[in-house]
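Q: I should like to learn how to read annotated sites and local environments in a structural model. Could we work through an example together?

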Amino acid sequence: MAQALEIIQKQKDSEQWDEPYLVNMGPQHPATHGVLRLFLELDGETIVRCDPRIGYLHRGVEKLSEHRTYSQAMVLTDRLDYIASAANNVGYCLAVEKLMGLEVPRRAQIIRVIVCEMARIASHLLWLATHALDIGAMTVFLYCFRDREWLLDIFEEICGARLTVSYPRIGGVRLDFNQKIIDELYRFTEEFPHRIPEYETLIDVNRIWLKRTKGVGVISGEEAVNLGLTGPSLRGSGVGYDLRRARPYLIYDELDFEVAVEFEGDVYSRYRVRMKEMREANKIIRQCLDKLAECEGEPVIAEDAPDLVIPYGKIKRPEPAPHPKRGYLVKGVEVPIVPEGEVYFAIEAPKGELGYYIVSDGTGHPWRVRIRAPSFVHISALPALSEGQMVADIIAVIGSVDIVLGECDR
Amino acid sequence: MGLVKTVFLTEILKGLSLTLRKLFAKPVTIQYPEEKKPLAPGFRGRHALVRDPATGKDRCVGCYRCAQVCPAQCIYIETERDPETKARIVKKYDIDALRCIFCGYCEEVCPVNAIVLTEFYEYSGYRREDLYFDRERLLKNWDEFIVTQKRPYFNPFWRPRGVPERKLPAAKRRAEGI
């Protein structure tokens, strides 16, 4: 900030015009997808330096988790990447289950894959909508929202909420699918592959779209790996790294899908990767629905899954204080809800590698929760992607790395 | 890009023909205040305390499970013991809807299906107190809600599908529509 003021002062003082010109973009800019603030140093229309400032949406999710039980902390993860909240929930639950050594029933695993992939499609649709809108394609925006609405309706049917789903539970999921949901999902998977060509007709060969995206924000595969990019932003640079294949979780190793890879490393290839991923996600949902029929009537929550309310003998006051080291009292025996230890578990969220690092001290509350958010890493790659580009291209670049500030600032 | 394509803007024409086709398709928009979308059963909307048709009162037994599990800690309960029968009497049951995050944990843990998040979302208030629901208000919410519903009304979270019977409290296993 001091440096920025200095430059502004210099600009005021001197008559020289060849100095970099400082432009403040955001935090209330419609194309920054939330409250991202960028300091852009411009030489004419070329970006000399791009300096992202974050923290406008900081709510302290990691700290708040320390004062909640494991199940209570799960509802906070809804509010990270709020357009794919189901994937966040699943990631968190998987991390806690790994720490507890809990086996999740097969039906719950299949359902979790379905909601994860639904979240992926919903997230990519919203991404395509807003990204196209930023670049100037209004119609795609409306078509994408039409189809996203359908997915949100299915989410509403599944768990009673459209956006902050809170659907998985530690040890399973909240409740089973009914026949109506399965029929609706079959209809969706039948129809959705015909919807994707509609978006592509509008923008895929449109010369304005191509001019705005091809050769813009190029990053090589090696550089992308060094910057820590994951997800579609990495796969757009020719690195076929997908956690669903590299370290399969849930039932992904049984499913037949392709990892979408493109090799140009520009905004256009990142767009292509996401379009392919939507098709693959649709395929995955279809396969899972068939698998779901095989285990009809099985439970969706593990037998030894922890109760939402931590059992502690007699009820004395609304909020019991656990013993700092030994946990809660159950019928005279002290049982730690989650054993002592630490765990890192990452899933392939729509935006990239979403990791949860949880340290447990054996009480009912996590001692520390750290969230490895893909959006945070992607924002740190913005300078590398945008320096040397034209100022209008920063819009396309921000859109192409797909950031959600709720996840970045946490 | 061929010369013909460049001159005649074929890709733009293709896009325009798609939008033209959509112009005559069935609209997907809903004229909201006049038309309303049917809500899914179990939608997590405004809170209510279920009025038991048998007794005409709420079913709350004052077990504090909802107050305990609430991640936003927006449920305030006070109970006392009946000096003679030693039964627990609920003196106060308040929900601060402004703090609520609508996760639905309360209705999930309630052993007697007393608290429910109804499928009603069109409410607002001019003052903070308007959205601070006390026990009478919560029962009123239920009365307002239930008259709009097809009877018998059954919330899917009263007896969650796919959860083994052993894991459910007795009242949830026996839950029936109202």
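Q: Which residues does the UniProt annotation "binding site" cover?

A: Please bear in mind that this is a predicted model. According to the UniProt record, an unreviewed entry, the "binding site" annotation covers B:Cys60, B:Cys63, B:Cys66 and B:Cys110. These four span 51 residues in sequence, yet no two of their C-alpha atoms are more than 10.5 Å apart, so they gather at one spot.

Q: Where in chain B is B:Cys63 found, and where is B:Cys110 found?

A: One places a residue by the elements that flank it. B:Cys63 belongs to the loop between strand 1 (47-49) and helix 3 (65-69) of chain B. B:Cys110 lies in the loop that joins helix 4 (105-109) to strand 4 (115-117) of chain B.

Q: Is B:Cys110 buried or exposed?

A: A residue is called buried if 20 or more other C-beta atoms lie within 10 Å of its own. B:Cys110 has 24 such atoms within 10 Å, and is therefore buried. B:Cys63, with 20 C-beta neighbours inside 10 Å, also counts as buried.

Q: Which residues does B:Cys110 touch, not counting those up to four places away in sequence?

A: B:Cys110 touches B:Arg65, B:Cys66 and B:Ile115. Of these, B:Cys66 is itself covered by the "binding site" annotation.

Q: How should A:Tyr271 be read, as buried or exposed?

A: The reasoning is again a count of neighbours. A:Tyr271 has 26 C-beta neighbours inside 10 Å and so counts as buried. A:Tyr271 sits in helix 12 (residues 267-294) of chain A. Leaving aside neighbours within four places in sequence, A:Tyr271 is in contact with A:Thr213 and A:Ser400.

Note on methods: Residues numbered from 1 in each chain as written. Chains lettered and ligands numbered in written order. Predicted model: local features only at pLDDT ≥ 70, side-chain atom pairs only at ≥ 80, totals over all residues. Helix = DSSP H or I, 4+ residues; strand = E, 2+ residues; numbered from the N terminus. Buried ≥ 20, exposed ≤ 12 C-beta atoms within 10 Å, placed from the backbone. Contact = placed C-beta atoms within 7 Å. UniProt positions renumbered as here; feature names shortened; annotations may be inferred.
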